[in-house]
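Let's take a walk through this one together. Have the coordinates open in your viewer and follow along.

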Amino acid sequence: MRRLFAGVVVAVIVVIGAVLLWPAPDAGLVVYSGLDYGPTVAAAFTKETGIKVDIVRLSTGSLLARIASQGHHPAWDLAWFDGATAAMSLDQAGLLAHHLPAPTNLNATGKTMLSSQGAYIPTGMTLAGVFIYDPARLATPPTSWSDLTQPAYQGQVGMNDPSISGPTYPMLAGMLSNAGGWPQGQNYVEALKADGLHMFDKNDATLAALQSQAISLAIVQSSAAVYFAAAHPALKVIFPSPAFALPNVMVEAAGLKDRQRADAAKFMAFVMRPDIQKLRQTHGEADGDYWPITTDAPAPLPGLPGLGTLDTVTLDPARWGGLESAINSWFAKAMTDS
Amino acid sequence: MSLLRGMLLALLACLFIYPLERLLSLPFFVPSPGGIDSHAYLNSLGLAVLVGLIVAPLGALFAHALEVLKGRAVLALGFALWVLFLAPGYVLTTGWLVIFTSPVARNSAFGHAFLDVGGLIFLYCLKALPFAAFVARATFAQASSSLAEAAIVLGVIPWRRRLLALRLALPAIAASFTIAAIETIQEFGIPATLGVTTKFPIITYAIYQRLNTTPTDFAGAAALCWWLILTAGLLAVMQLSVQARHQAALTHGRARRNPPRDCAASETMLFGGSAALLWLLGVAAPMLALIDTALSGDISATDMLDSVPRSLGYGMLAASLALALGVIVLKLKAGRARWFPALLQVLLSANMAVPGLILGAGYVIAFNNDFLPLYGTVLLLIIAYTAAALPIAIRLMGTAIGQLDKKLDEAARIFALPSFVRLIDIEAALLAKPGLYAWLLVTASVMYELPISELLYVPGATPLGVAIVSADMMAEYGQAARLALLGLLSLGVLAAVLSVALNFVTRQQPETEAVP
């Protein structure tokens with residue numbers, strides 16, 4: 001009996017080990033997705049082409065850190081996330097393939113977002129920071145970035161941590177750019193901090209703080225704000241002037257084999273098809289609230305105003321991507337200094 | 001045998017020395033792009049000292065009570081300390097965060113205090129108290145009763161006797177302070193969950209942020225790791241010096257202990273009240289909040305449920321490997337060679353002083369190259385879990401193996417029993433119960449392990465700890481609670497099934513007549 005028991009225990013452990021450690025069969029394309037619609041699009045792609053896609057859903061900040069940590073031994077083939085500046089940071093570290101196939105039928109906005117070396121392709125656009133607020137607690141909301149430093153908003157405003165929330169760095173870069181550039185814009189951010197700016201990890205945490213009344217106004221990505229406001233009609237969204245364009249982009253790991261590159265190119269073309277863009281909008285939860293950037297794409301979802309009605313600015317991803325490390329480090333220090 | 005010992009040492013060096021050397025040498029060769037900010041370190045040091053000062057006298061008091069008193073109050077106190085010892089810090093924190101999701105509670109003075117540094121201090125104290133009490137208890141366990149008896153015989157008045165007792169308890173208080181301070185400065189789960197760390201930086205979370213957020217900064221993380229290790233080392237040296245100076249006063253000659261006595265009424269009130277407070281604030285409040293929030297909302301919409309069986313599997317596999325390796329280490333340690341136990345002690349003590357966060361960071365760097373490209377694989381995660389659990393596995397199994405009578409093996413050899421029979425029917429049968437408890441403890445600790453999981457988990461295969469903390473970060477407390485409770489439930493079922501099976505297998509067999 002003892003031997004039987006010992007045998008069963010050993011067999012169970014061996015089976016568990018085999019299940020956990022057994023190498024996966026050819027996973028096809030490994031796609032790191034920071035966007036909600038990634039898994040749905042991947043499933044549709046596999047269904048249509050037969051090419052397997054192992055989609056890994058991560059927050060954008062975690063996704064970028066993973067790619068940076070893996071360095072020149074990437075466990076991924078494609079990555080899909082918000083932020084051309086982040087893509088440029090990865091490219092400057094030599095981690096990305098070049099000459100990716102640009103999407104066809106890009107509209108004028110889309111064409112401005114192309115990478116000069118083809119290190120990334122734009123697949124849509126959101127805004128890096130918009131204001132979502134509770135009218136019951138904040139009767140007169142701000143409409144521009146400079147309004148935020150007014151005494152009425154002291155201790156009322158919250159934003160994400162750019163070191164954790166991927167889409168927040170472009171917003172911070174935009175704030176700095178709007179306030180005179182780098183490093184001149186530091187004074188503006190320090191003034192916000194002195195006024196009691198609250199910082200939370202990511203969009204969800206900042207919006208949860210707004211809901212729990214820890215803050216009265218949250219600065220978050222447009223897609224998160226519009227989606228959240230749709231579920232909480234008491235909250236209102238303001239698109240500040242200027243608003244900073246935040247393209248969602250796709251990048252490819254450097255050094256892929258030819259077959260993987262060919263499959264990756266098929267996937268990149270697939271996600272830009274009008275029917276698939278519709279799928280992204282309807283199955284993308286918060287990330288579905290984006291502005292398409294191709295001429296044949298469906299219209300944006302109803303909660304989004306026309307891009308022409310907004311004062312949008314596109315930051316130079318090469319310049320601001322190169323500054324990301326220095327700015328994030330400075331910001332972390334500035335926010336913790338008393 | 002020497003070859004085996006050499007191979008084992010090489011394996012341990014590969015598991016501990018190589019990754020730590022790779023990580024800790026970084027600051028000497030690579031500058032940190034973000035520079036080194038001392039805020040996080042100073043905050044953590046201040047908190048560690050404060051928590052040590054709060055917890056050390058309490059820990060020593062509770063340890064003394066557990067050693068010399070008996071009764072329900074002391075039993076409840078000891079049980080509460082064990083539950084707090086085993087409960088992951090981030091699960092307790094999640095429970096308290098659930099309580100403060102109510103705007104009324106959040107906006108109250110208590111809420112403001114808790115969601116600031118006050119909450120960190122409170123939770124750190126809760127988690128450090130069992131460590132402080134258990135370490136001090138070991139010191140009191142060596143104390144002889146002759147001093148107290150001598151004081152009574154010589155007619156020393158009660159308050160002076162108490163002062164003398166306090167002075168004699170100094171080594172225990174020093175040990176409590178050290179372990180509480182070290183545990184606090186190395187704690188990762190609480191700062192990772194409480195969310196005040198963005199305003200009040202904590203060193204462990206600062207290390208993690210440098211490794212797992214953009215821009216990554218390995219050199220800066222390694223420099224902070226040095227500060228953490230040196231501080232823990234310094235605290236340990238201070239404690240050893242106090243121990244060396246005052247221990248002789250407490251444990252002189254052959255210790256003679258009195259059996260535990262019943263509590264006086266005042267002692268029952270004091271320790272009963274303490275136990276009630278610990279149960280209420282440390283266990284009942286957060287656990288009831290977790291259960292309440294877990295049962296509300298859309299239970300079917302719980303994401304990442306697969307993290308529960310996955311982490312249970314990781315825990316079972318890593319615990320089996322750690323215990324197997326631990327038993328091999330203990331067997332080889334028992335030989336005549338003196339160098340082997342000494343080297344082993346150095347290796348394992350060094351690893352005990354290094355928190356999982358630093359070991360995990362070392363693994364990220366050491367196993368992400370052309371020769372050992374293991375980063376991003378389940379294999380590396382299991383190896384890291386095993387390495388982190390090995391010292392505790394050795395300590396848990398060491399006592400049991402030490403009690404095995406060598407003559408059993410000798411007798412079995414004389415009767416020419418095959419090695420398989422000796423292993424299963426003699427050693428395994430005798431070690432089964434302590435082995436099961438050790439295995440369950442290691443399985444539980446790996447299942448809820450956080451820092452190594454955060455740094456080394458395979459994207460797409462989220463472990464339980466990461467899933468709970470991710471849910472916390474998004475304020476999805478219902479999901480975090482359901483995952484935490486399902487994990488506990490699965491561990492409970494596993495423990496119950498294995499205990500029943502083991503009792504059945506190791507029950508006394510009826511004697512059978514030998515057949516010639």
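How does the radius of gyration of chain B agree with that of a compact globule of 516 residues? A globule with that many residues would come out near 24 Å, and chain B has 24 Å, so the two agree. Keep in mind as we go that this is a predicted model.

Staying with chain B for a moment, its C-alpha atoms fill a box of roughly 70 × 65 × 50 Å along the principal axes. It's a helical affair, with 24 helices and two strands. Of its 516 residues, 46% are buried. And if you take the contacts in chain B with a separation of 6 or more, 85% of them link residues 24 or more positions apart.

Now look at where chain B meets chain A. The contact takes 39 residues from chain B and 46 residues from chain A. On the chain B side, the elements giving two or more residues are α6, α13, α16, α19, α21 and α24 of chain B. The largest share, five residues, comes from α16(B). Sort the chain B side by character and you get 21 nonpolar residues, 15 polar and three charged.

Over to chain A, and to a sheet. Five strands form an open sheet with mixed pairing, in the order β7-β6-β8-β5-β9 (chain A). β7 and β9 of chain A sit at the edges with a single partner strand each, so one side of each has no neighbour in the sheet. From one strand to the next, the twist averages 25°. Inside the sheet, β5 and β8 of chain A run antiparallel and are joined by four bridges; A:Tyr133, for instance, has A:Leu217 in β8(A) as its bridge partner. Helix α8 of chain A packs on this sheet, touching β5, β6, β7 and β8 of chain A, and its direction makes about 165° with that of β8(A).

Next, find strand β3 of chain A, residues 78-82. Five of its five residues are buried, so the strand is largely enclosed by the rest of the structure. Both faces are covered: A:Leu78, A:Trp80 and A:Asp82 are buried on one side, and A:Ala79 and A:Phe81 on the other. What does β3(A) pair with? Strand β1 of chain A runs parallel to β3(A), joined by three bridges, and A:Val31 has A:Leu78 as its bridge partner there. β3(A) also pairs with strand β10 of chain A, in the antiparallel sense and over five bridges, with A:Ala79 partnered by A:Val251.

Definitions and conventions. Residues are numbered from 1 along each chain as its sequence is written. Chains are lettered from A and ligands numbered from 1 in the order in which they are written. This is a predicted model: local features need pLDDT of at least 70, side-chain atom pairs count only at pLDDT 80 or more; totals for chains, interfaces and linings use all residues. Two residues are in contact if their C-beta atoms, placed from the backbone, lie within 7 Å. Ala, Val, Leu, Ile, Met, Phe, Trp, Tyr, Cys and Pro count as nonpolar, Asp, Glu, Lys and Arg as charged, and the others, Gly among them, as polar. The radius of gyration is taken over C-alpha atoms; the globule rule is 2.2 Å times the number of residues to the power 0.38. A residue is buried if 20 or more other C-beta atoms lie within 10 Å of its own, exposed if 12 or fewer, and partly exposed in between; C-beta atoms are placed from the backbone. Two strands pair if DSSP finds at least two bridges between them. Axes are lines fitted to C-alpha atoms, for helices over the stretch in contact, and angles run from 0 to 180 degrees between N-to-C directions.
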